[in-house]
Each structure stands twice: as C-alpha cells, then as structure tokens.
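Me: I am new to this structure and would like to go through it step by step. Please show it, and then I will ask.

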Amino acid sequence: AWGVYRRDFANGLVVVNPGDATVPIGALGATYLRVDPSGGGAVNSFGQHTGTLLQTPVGSLVLPPHSGAVLLNFGPGGGRRLVVAPLGGDYTTIQGALNAARAGDTVTVRTAVYNEKLVFPSSGSSTGRITLCAYPGEAPVLDGTNRLGEDMILLNEKSWIRIEGLEIRNNTNVTDGSGIRVLGACHDVQIVSNVIHGMHGENAMGITVYGTNSVPASNVVIRA
C-alpha cells in the first residue's frame, strides 16, 4: 500500500524505496523510532564504527529515490507506541488504535475529550501486554455522552491488558453498565490510577468483574 518494499521483524521494520521517485508515506499506523547513522564513516569488518546512531520518533516518512529506513518499535518492552490525538497522532480515535494494537503495543492517549465507548478486540500475551494509558504528563478524558452501549470500556474474555491514567465519565441512562467491565475467564488484567465518575442509571457501576465463564477470572489487579 505504501509503494515500497517492506520487511517486518520482531522489533520493528525496514522499508526500502528502490524507485526513481520520492515516496511519501503519510501514516505509518504507529509511532516508530527511525534509526540513522551520524558520523564515523564505514563499518569495519568487525561490525564496529566510531559514529553514533540517532533515534527519532516518526509517524510518517518521506523516502527519497533509492533510499531506505530502519524503524524500531517504540513502546515499552519492544512493542509499538500508537499515539491517539485530535491532531498529529497515529489515530484520532482510541477505538481505532485498539483495533490496530497487538501484543506488546501501547496505546497512549493525548489530552482531549474523546466521545467514545470502547471494546478491546484483542488480548495481549505473556510476552507483551496491550496497554491503554494516558500520554506521559497528560490527562485524556473518555466521555460517554450520547453514545450507545452499556459500558465505557469492555473486556470480554480478554487477558494481558493494562488500563491506566484515564478519566472516564458520563455513562448515562444505562440499565446495567460500568465504567470498566471485565467479563469471563480474563486473566492478568491491570486497572490502575483511573478516575471514574458520572455513571448514571439503573445498576450503573464504576468497575465490575463478572465471572461469566466456568473458568474463573484470575490475576486481576484494581488499584488507585
């Protein structure tokens, strides 16, 4: 789709433009660290050089003719970092980023009010959680005003998930809903340092964990 050669690896990817025209890649789908050499000349036969490697966060690229780029995953533990923001991020909605996230990725949300209700479509793994969190030092708000659905964030049979640092508000007119709802045989779920308020209706709750599977939920951590 980008018009270049692409090879994915466990910790990132390499893209190469073999053509004679410049290729702009407007959105990489995540924020990566672009690695570029600086100084030092050629690498010797022992794989050594005297220069440095510059690492620059990028969410888009412009590849000149006959050039390439090395892109490293930017999330904790070697996963990707998917930035959500009204402008300048990888995604403009939190759900869009969650839909793209895979094990080891971090969906980090910049300050804004996001009028959404969220469903985690995928689990993380023992080698890498899927993390949904506030961008460092910022305070995003998940607001459910006039949105359909009973739960602000739903984890149905999903595991290896962390949710941290969000303000979750205005889940209104529900008949049985929660700010964060965990269902089924979920395990290794961490719900940390979130502020939940404005849950209104019949049986409207903050955080609920329901054992709807014969296999019990386990290793679920909830703390301020």
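Reply: This is a predicted model. A place to begin is strand 17 and strand 20, which are paired in the parallel sense. The number of bridges in this pairing is six.

Me: Which residue of strand 20 is the bridge partner of Ile 180?
Reply: Strand 20 covers residues 204-210. Ile 207 is found in that strand. The bridge partner of Ile 180 there is Ile 207.

Me: What is the strand order of the open sheet of four strands?
Reply: Strand 17 and strand 20 pair over six bridges, and four bridges join strand 14 to strand 17. Strand 11 pairs with strand 14 over two bridges. The pairing in this open sheet is parallel, and the order is 11-14-17-20.

Me: Which strands stand at the edges of that sheet?
Reply: The order of the four strands is 11-14-17-20. An edge strand here has a single partner strand, so one side of it is left without a neighbour in the sheet. The strands in this position are strand 11 (118-119) and strand 20 (204-210).

Me: Which residue of strand 14 stands opposite Leu 118?
Reply: Strand 14 spans residues 153-156 and pairs with strand 11 in the parallel sense. On the side of strand 17, Asn 156 stands opposite Leu 183. Opposite Leu 118, the residue in strand 14 is Ile 153.

Me: How many residues of strand 17 are buried?
Reply: Strand 17 consists of residues 177-183. Burial requires a relative accessible area under 20%. Strand 17 is largely enclosed by the rest of the structure, because the number of its residues that are buried is seven of the seven.

Me: Is Arg 181 buried or exposed, and what is its relative accessibility?
Reply: Arg 181 lies in strand 17. The cut-off for a buried residue is under 20% relative accessible area. Arg 181 therefore counts as buried, with a relative accessibility of 6%.

Me: With which residue does Arg 181 form a salt bridge?
Reply: In this salt bridge the closest N and O atoms are 3.3 Å apart. The pair links distant parts of the chain, 30 residues apart, with the partner in the loop between strand 13 (141-143) and strand 14. That partner is buried, with a relative accessible area of 13%. The partner of Arg 181 is Asp 151.

Me: How far apart are the closest N and O atoms in the salt bridge of Arg 6 with Asp 8?
Reply: Arg 6 is partly exposed at a relative accessible area of 39%, and Asp 8 is partly exposed at 41%. The closest N and O atoms of this salt bridge are separated by 2.9 Å.

Me: Which residues are linked with Asp 143 in a network of salt bridges?
Reply: Arg 169 forms a salt bridge with Glu 167, with the closest N and O atoms 3.9 Å apart. Arg 169 is partly exposed at 23% relative accessibility, and Glu 167 is partly exposed at 24%. The residues linked with Asp 143 are Glu 167 and Arg 169.

Me: What does helix 1 give to the largest nonpolar core?
Reply: This core has 42 residues, and Leu 61, Ile 94, Val 107, Phe 120, Leu 132, Ile 153 and Ile 163 touch the most other members. Helix 1, residues 94-100, gives the most to this core, and its share is three residues.

Me: Which residues does Val 107 touch, not counting those up to four places away in sequence?
Reply: Val 107 belongs to the largest nonpolar core. Leaving out residues up to four places away in sequence, Val 107 touches Leu 82, Val 84, Ala 97, Leu 98, Ala 101, Thr 131, Leu 132 and Cys 133.

Me: What is the accessible area of the nonpolar patch on the surface?
Reply: One residue of the patch, Ile 207, is partly exposed with a relative accessible area of 33%. The patch also has Val 209 and Ile 222. Together, the accessible area is about 210 Å².

Me: What percentage of the residues count as buried?
Reply: The protein has one helix and 21 strands. Its C-alpha trace spans about 70 × 35 × 30 Å along the principal axes. Of its 224 residues, the buried share is 42%.

Note on methods
Residues numbered from 1 in each chain as written. Predicted model: local features only at pLDDT ≥ 70, side-chain atom pairs only at ≥ 80, totals over all residues. Heavy atoms only, no water. Pairing = 2+ DSSP bridges. Patch = residues over 30% accessible without salt bridge, like charges linked within 9 Å, V, L, I, M, F, W, Y side chains within 5 Å. Areas by Shrake-Rupley, 256 points an atom, 1.4 Å probe, with all protein chains shown as cover. Salt bridge = Lys/Arg side-chain N within 4 Å of Asp/Glu carboxyl O. Buried < 20%, exposed > 50% of the residue type's maximum accessible area, 1.4 Å probe, protein only. Core = buried A, V, L, I, M, F, W, Y, C linked by side-chain atoms within 4.5 Å. Contact = heavy atoms within 4.5 Å.
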